[in-house]
Amino acid sequence: MRLIEDWPVDNAAAAVVRGGEVVDSHGDQGRRYPLASVTKPLSAYAVLIAVEEGALEWDQPAGPEGATVRHLIAHTAGYAFDSRAVQAAPGARRIYSNAGFAVLADTLAEASGIAFADYLAEAVFAPLGMTDSALEGPAGSGAVSTAADLARFAAELQNPTLVSAGLVAEATQVVFPDRDGVLPGYGSQKPNDWGLGFEIKDGKAPHWTAEGNSPRTFGHFGQSGTFLWVDPQAGLACAALSDRAFGPWAIEAWPPFSQAVLDDNPA
């Protein structure tokens, strides 16, 4: 955890979770940071709750013709990165898409009759005690949160209480396997594996997690200089937030930091 002190940032905070409990932390755990795309796992969890409650179905039509809720959440609906221009047939390619998450949020709002930000707050943030978290912008990139709140979310991913453990397991396994795509900041990945809203490490190299993180590791990173990973094999999760945008510094600093987390907290 001490390696975070070497990051070229003004402020940073991190928390390590094992078995639903914080076992290590650094920095101001209550400082709020913009999450950027670390918003997506939070939004995805609201969708999981909606599916388990019956408000949505994975295979119901949503987005471009032929696409479904499952395509949208797994970045295979065919939408472009930041627009609703259709660049591929549903299921054909992994096109990481903020636009797809916007449509996903609209689909849930229409089905539930509740604005998506309110649904996320009521279904995820409130029951987990994430009192300093809020969706202030798009469903794919507009949340703010703290290290303490993300630790609560990581604990939920390790020991689900809001949805079944089986659904979390389904969401954190590869959906639409063998689809190539681009991992923002890291280039083309063949394949670019993804679950239901969660990026799956699998065999990706280079990657923003550590070399020692298992292929089963899932999570997300954000362009605001944030990340969250859960490694079921190691039994650990780690959330880290900073106030410097993702760039070469993060590509260099994050993997050794995550490796130190693993080394300092052996199973």
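## A guided tour from Val51 to helix α7

Select Val51 to begin: with a relative accessible area of 16%, this residue is buried, because buried means under 20% relative accessible area. The model on display is a predicted one. Val51 belongs to helix α1, which covers residues 39-53. Now show the surroundings of Val51; beyond the neighbours within four places in sequence, Val51 is in contact with Leu56 and Trp58. To gain a sense of scale, select Ala240 as well and draw a C-alpha to C-alpha distance from Val51: the two are 29 Å apart in space and 189 residues apart in sequence.

**Second stop: Arg70**

Move next to Arg70, in helix α2 (residues 69-73). Is Arg70 buried or exposed? Its relative accessibility is 18%, so Arg70 counts as buried. Display side chains here, and a polar contact appears between the side chain of Arg70 and that of Asp59, at 3.3 Å. Residues up to four places away in sequence aside, Arg70 touches Trp58, Asp59, Glu170, Val175, Phe176 and Leu196. Trp58 is thus a residue to keep highlighted: Val51 is in contact with Trp58, and Arg70 touches Trp58.

**Third stop: Thr209**

Select Thr209, which is found in the loop that runs between β8 (199-200) and β9 (218-222). Although placed in a loop, Thr209 counts as buried, at 3% relative accessibility. Which side chain makes a polar contact with the side chain of Thr209? The partner is the side chain of His207, at 2.8 Å. Further along the sequence, with neighbours within four places left aside, Thr209 is in contact with Lys201, Thr217, Trp229 and Pro255. Pro255 leads to the last stop.

**Last stop: helix α7**

Select residues 248-264, the 17 residues of helix α7. At 1.5 Å a residue, α7 should span 24 Å, and the end C-alpha atoms lie 25 Å apart, which agrees. Follow the helix to Trp254, where there is a kink of about 25°, shortly before the proline Pro255.

Colour the buried residues of α7 next: they are Trp249, Ala250, Ala253, Trp254, Pro255, Phe257, Ser258, Ala260, Val261 and Leu262. In viewing them, recall that an α-helix has 3.6 residues a turn, so residues three or four places apart point the same way. What covers the buried residues of α7? The cover includes the strands β1 (12-18), β9, β10 (226-231) and β11 (236-242). Keep Thr209 in view at this point, since one of its contacts, Pro255, is among the buried residues of α7.

Terms used. Residues numbered from 1 in each chain as written. Predicted model: local features only at pLDDT ≥ 70, side-chain atom pairs only at ≥ 80, totals over all residues. Heavy atoms only, no water. Helix = DSSP H or I, 4+ residues; strand = E, 2+ residues; numbered from the N terminus. Buried < 20%, exposed > 50% of the residue type's maximum accessible area, 1.4 Å probe, protein only. Polar contact = N/O pair within 3.5 Å; in protein donor to acceptor, adjacent residues only side chain to side chain. Contact = heavy atoms within 4.5 Å. Expected span 1.5 Å × (residues − 1). Bend = angle between axes of the 7 residues up to and from the residue.
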